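Student: I should like to learn how to read a model of this kind. Would you kindly guide me through its features one at a time?

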Amino acid sequence: MAREIVQPEENGLAVLSDITSGEYSLPAERCLEIYRLMVRARAMEERMIKMSKSGEGYFWIGGPGEEAFNVPLGLQVKKGRGPDYDYLHLHYRNSGTLIAMGMPVIDGIRQMAMTWTDRHSRGRNFVGHYCVPEWNVVPVCSVIGVAWVKAPGTAHVQKRYGGDGITIVVGGDAGTAEGDFGSCMIWSTRPGNELPVLMIVMNNGYGISTPAATQHAELHIVDRGKPFGIPGEVVDGNDPIASWHAIERAMRYVRQERRPYMIEALVSRLYGHSSSSGAMRVKDERDCVAEFGQKLIEAGVLDEEGASAIRKAALDECEKALEQALKEPKPTADDVRRFTYASSFHDVVYPDDYTGLPNGD
Amino acid sequence: MATLVQAVRLALHYGETYLGVTDIFGEDVGPPLGGVFTATQGLRTAWNSPLDERGILGMAMGIAYAGGRPVCEIQFCDYAFNTIDLMKIAGNQRWASGGNYDMPIVLMTPSGSGIRGSLYHSHSFESWASRLAGWKIVMPSNALDAYGLMLSAIADPNPVMVLLPKALLRVRGEQKIPGEPEDEEELKRMIDAPVGDRTGWQPRWPPVQEYFVPLGKAALVRTGHHATVVSYGRTLPLCVKAADELRESHGLMFDVLDLRSIFPYDWHAISQSVMKTGRILIVNEDTEVTNFGEHLLRRVIDHHYYDLLVRPRVLLGQHIPGIGLNQEYEKNSVPQLPQIREAMRALATEEA
Ligand SMILES: Cc1ncc(C[n+]2csc(CCOP(=O)(O)OP(=O)(O)O)c2C)c(N)n1
Ligand SMILES: [Mg+2]
């Protein structure tokens, strides 16, 4: 039988040993949980890339190369609805976070397959544009930067509400050039009105084709927080153990101090920017899933057989999800206008939803 | 009678007291100033924001996601242009998420010319705004409508933009706001912050009442069978005045429609009036290329081509980069009373 965890009786240890990375460690069970989620998130993305090439979907964009950070993030979110819980203003590479929070793979696949059953956008938005109100995941928006200006709003409500819910906002490195990034720092540090915002920059070194080094002189993006008194740290986003601890520290600070904190995670971009650039596997960047699997094998908590069983289970799950999603209803012409307006007692033209141009002659 | 801006303030007071408004904010909106036009003096939930229009709209959206009911102000619509993509996003949140999130925000902003505002205090915004699907856009032309439209904007669970005609903000209404004191001096003493030191000043709010002007409902402010004039905002009272003068001078009788809601607009009211008169003029002061009035004209032509007695027409602002400060510029850039009166006379008297 494939071995996932070294059983105490097998190696004579009283407890499972922790897995260590540099100065940090995590329990082996936690590492295995993270690994399984990373593999599932990767398998989902790779299945969706295939869909973009086979015509079962169109455009693909996503997070292969960010799993080592995004999964530990999702596992540590205070998950729920309303200001007591964490709000998530994510970018389009956060599949690992949603999978770690408990999103079934099919919920990602449905968006890629543009079905009416797509719970995030009813087949309207690009893949990875998640929206889960039950978990305070506000709609992911393609417009780079805007998440930075919306995040202080949810944090403002949370601060006033009390409790320990925080707002987590995620964006890419190139997008920090938008003024909205500066807005986030200013609005989160108004004296006397500091806000519980965890600002996360996923630094993959590129904006589409433009290397960060050709446009940005700042050594670290987190340095920009210094004049605002926003503590920050740069973390190896390919290392789930280091990422786990950075996120834990950051969340503890933001939850308790009710002030912003910034993390810059150095990550890979393993299939290029998107399907527009071919979504071809990049060879010269670190692969966190492979690295972490190897680490767990070397630590003896997993063997090759166990690792391939995890992979196979993830691939099977994706195939089944796709098979199911393709059978599900698609949006129809009658659905085009739906969900434009919420019902209103005060609108005589659109008391329910949008019904086309005003009429009634 | 309350001025239009006092009516807005009373509506916001009603909103934060009875309709669940949680935050009224923007540049200089909180104490001590209470808004550059005084629209937000004395309000319990009013606060000052950084000078950042994108931040203001983003904050409003965030508050709404988290269950709050924000009213934000862009100090002048002239400074709203860098927020257009955020406006688009606010308008599409419900649609994009398949109904997962509503976006109950109110954005109010002074719009239009008439305060000698030169290049950057004279813009109109309604034509830009009319392209923001998912929003509702209103523009009152008098105090009572301002009160009633503000209340509807607040109560509506969708993004609503309230464009406040700059030129009319200090104009007194002809109708009382329900609950407003008889004496306008008394109202001023109750709710206008004193000039000078305001520390310790508190408003005494009159017991204003619920009064909704429905979104999408125009007001027929003059009736007549010769021709139809459709307008809103600053140009509306000019159309009314022109109608009254032409009635006196030429015996011409006009239907004057105050549209009040730009979107949704009251197509029924426009259509009924055109059916009656067969003649229509649409007046607004936004620039004339791709103007919201052109959309109305298109609807009129589509639906009433064979009902029209004469060429339907528009009277709009010139397509120029700005409004110059010298009043010769302003007078000749956007419709004024004489041009409106002449356009109305020509419309009503052209041989069919
Ligand atoms: C405001 C805006 N400008 C341009 C684009 C087109 N665009 C999409 S992704 C992207 C690069 C973003 O780079 P970065 O912020 O580093 O995120 P990454 O894709 O690398 O994760 C650009 C320019 C956009 N979506 N939004
Ligand atoms: Mg990047």
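Student: What share of the contacts in chain A between residues at least 6 apart in sequence join residues at least 24 apart?

Tutor: Contacts may be sorted by how far apart the two partners stand along the chain. In chain A, 73% of the contacts between residues at least 6 apart join residues at least 24 apart. Please bear in mind that this is a predicted model. In chain B, 79% of the contacts with a separation of 6 or more come from residues 24 or more positions apart.

Student: How many helices and strands does chain A have?

Tutor: A count of elements is a useful first inventory. Chain A has ten helices and nine strands, while chain B has eleven helices and twelve strands.

Student: How is the radius of gyration of chain B to be read, and why does it count as compact?

Tutor: One sets the value beside the one that a rule gives for the length of the chain. The radius of gyration of chain B is 20 Å, close to the 20 Å from the globule rule for 352 residues, so chain B is as compact as a globular protein of that length. For chain A, the value of 21 Å agrees with the one near 21 Å that a compact globule of 361 residues would have.

Student: What box do the C-alpha atoms of each chain fill along the principal axes?

Tutor: Box dimensions describe the extent of a chain. The C-alpha atoms of chain A fill roughly 85 × 55 × 40 Å, and those of chain B roughly 65 × 50 × 40 Å.

Student: Which part of each chain is buried, and how much surface is accessible?

Tutor: These are two views of the boundary between inside and outside. In chain A, 57% of the 361 residues are buried, and the accessible surface is about 14400 Å², with 54% of it belonging to carbon and sulfur atoms. In chain B, 62% of the 352 residues count as buried; the accessible surface comes to about 13000 Å², and carbon and sulfur atoms hold 53% of it.

Student: How far apart are the centres of the positive and negative side chains in chain A?

Tutor: Here one compares the mean place of each set of charges. Chain A has 39 positive and 49 negative side chains, with centres 3 Å apart. For the 32 positive and 40 negative charges of chain B, the mean positions are 2 Å apart.

Student: Is A:Arg255 buried or exposed?

Tutor: A single residue is judged by its relative accessibility, with buried meaning under 20%. A:Arg255 has 16% and therefore counts as buried. This residue lies in helix α8 (residues 240-257) of chain A. Beyond its sequence neighbours up to four places away, A:Arg255 touches A:Gln76, A:Lys78, A:Asp86, A:Asp164, A:Gly165 and A:Ile166.

Student: Where is the place of A:Thr115?

Tutor: A:Thr115 is found in the loop between α5 (105-112) and α6 (146-161) of chain A. At 0% relative accessibility, A:Thr115 counts as buried. Leaving aside residues up to four places away in sequence, the partners of A:Thr115 include A:Arg110, A:Arg122, A:Glu328 and A:Lys330.

Student: How far does helix α7 of chain B reach from its first C-alpha to its last?

Tutor: The span of a helix may be checked against the expected rise. Helix α7 (residues 235-250) of chain B has 16 residues and reaches 21 Å, close to the 22 Å expected at 1.5 Å a residue. Among its buried residues are B:Leu236, B:Cys239 and B:Leu246. The buried residues of α7(B) pack against β7, β8, β9, β11 and α11 of chain B. Just after α7(B), B:Gly251 takes a positive phi of about 65 degrees.

Definitions and conventions:
Residues numbered from 1 in each chain as written. Chains lettered and ligands numbered in written order. Predicted model: local features only at pLDDT ≥ 70, side-chain atom pairs only at ≥ 80, totals over all residues. Heavy atoms only, no water. Helix = DSSP H or I, 4+ residues; strand = E, 2+ residues; numbered from the N terminus. Expected span 1.5 Å × (residues − 1). Buried < 20%, exposed > 50% of the residue type's maximum accessible area, 1.4 Å probe, protein only. Contact = heavy atoms within 4.5 Å. Rg over C-alpha atoms; globule rule 2.2 N^0.38 Å. Areas by Shrake-Rupley, 256 points an atom, 1.4 Å probe, with all protein chains shown as cover. Lys, Arg positive; Asp, Glu negative; His and termini not counted. Charge placed at Lys NZ, Arg CZ, Asp CG, Glu CD.
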